[in-house]
Amino acid sequence: NASGTAAVLEIAEALAMAETSRSILVCAFAGEERGLVGSRALCRNLPVDRDQVVAMVNLDMVGRGDRDEVTALGSRQNPGMKKILDRARKLRKTGIKKVITGKAEDLFLRSDQFSFHEIGIPAVFFFEDPEINRNTDYHTWRDTVDEVDMEKVTQTARLAFNAVWILATDEKRQPPPRH
């Protein structure tokens, strides 16, 4: 997941310069494929009270697929996130023309944001393409940097930054997720 990690690092740098009314915790996890090991460990030992956590925004595999599209999972479980995503797309230019929601929801259960969902924290998951089988290199040794569309990573990072900034500045909090 180098593309998601690279995007998170760029978002963290931009957030360090942004003014927000809330603190932002930036995390990277290991052991997702072994049962969400890292994210579950953090959720069991949050460094702040769980009620202080407004939302979790996850990026994983964001460098493939159509350049001007990104999949954002979790709006079914967190209906308010759809509005956040719409606002994020319009807040500042990102290059993302289409945010795909409501597809590939089974992937929502398999990535790190699900650990947060399980403890009642709203979450959204940015992913490259709802048709996971289009990336024939997914979870293989062939998934190399030369196959990553860096412009798509950049555009997705811009959109995710906008969403995080909105979540960190809105007075209103997202309601707990639907289970």
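Start by selecting S115 in this predicted model, a residue that counts as buried, with a relative accessibility of 2%. You will find S115 in helix α4, which covers residues 113-118. If you now show the surroundings and set aside residues up to four places away in sequence, S115 touches L36, S39, R40 and C43. One of these, S39, deserves a closer view, as its side chain makes a polar contact with the side chain of S115 at 2.8 Å.

**The sheet**

Next, colour the strands and follow them across the open sheet, where four strands stand in the order β1-β4-β2-β3 with mixed pairing. The edges are taken by β1 and β3 (98-100), each of which has a single partner strand, so one side of each is left without a neighbour in the sheet. From one strand to the next, the twist averages 25°. Strands in a sheet pair through backbone hydrogen bonds, and they can do so in parallel or antiparallel fashion. To look at one such pair, select β2 and β3, which run parallel and are joined by three bridges; there you can pick out E69, which stands opposite K98 in β3.

Stay with strand β2 and select V70, which has its place there. Is V70 buried or exposed? With a relative accessibility of 1%, V70 counts as buried, because the cut-off for that class is under 20%. Leaving aside neighbours within four places in sequence, V70 is in contact with I96, K98, V99, I100, F126, F127, T156 and L159. Draw a distance from V70 to T156, and the C-alpha atoms come out 6.9 Å apart in space, although the two residues are 86 apart in sequence.

**Helices across the sheet**

Now bring α5 into view, the helix that lies across β1, β2, β3 and β4 and runs at about 175° to β1. Then turn to α3, which lies across β2, β3 and β4, and whose direction makes an angle of about 50° with β4.

**The charged pairs**

With α3 still selected, show the side chains of D86 and K82, which form a salt bridge whose closest N and O atoms are 3.4 Å apart. The two residues are four apart within helix α3 (residues 80-91), so about one helical turn separates them. D86 is partly exposed, with a relative accessible area of 31%, and K82 likewise counts as partly exposed, at 34% relative accessibility.

Side chains of opposite charge can pair when their charged atoms come close. How many salt bridges does the model hold? The count comes to five salt bridges, and two others are worth a stop.

Select R67 and D149, which form a salt bridge with the closest N and O atoms 3.0 Å apart. Here R67 lies in the loop between β1 (56-59) and β2 (69-73), while D149 lies in the loop between β4 (123-127) and α5 (150-169), so the pair ties together parts that are 82 residues apart in sequence. R67 counts as partly exposed at 43% relative accessibility, whereas D149 counts as buried at 17%.

Finish at R50 and D51, whose side chains meet in a salt bridge with an N to O distance of 3.3 Å. Of this pair, R50 is partly exposed, its relative accessible area being 32%.

Key. Residues are numbered from 1 along each chain as its sequence is written. This is a predicted model: local features need pLDDT of at least 70, side-chain atom pairs count only at pLDDT 80 or more; totals for chains, interfaces and linings use all residues. Side-chain values use heavy atoms; hydrogens and water are left out. A salt bridge is a side-chain nitrogen of Lys or Arg within 4 Å of a carboxyl oxygen of Asp or Glu. Buried means under 20% relative accessible area, exposed over 50%, partly exposed in between (1.4 Å probe, protein chains only). Contact means heavy atoms within 4.5 Å. A polar contact is a pair of N or O atoms within 3.5 Å; within protein, one must be able to donate a hydrogen and the other to accept it, and residues adjacent in sequence count only if both atoms are side-chain atoms. Two strands pair if DSSP finds at least two bridges between them. Axes are lines fitted to C-alpha atoms, for helices over the stretch in contact, and angles run from 0 to 180 degrees between N-to-C directions.
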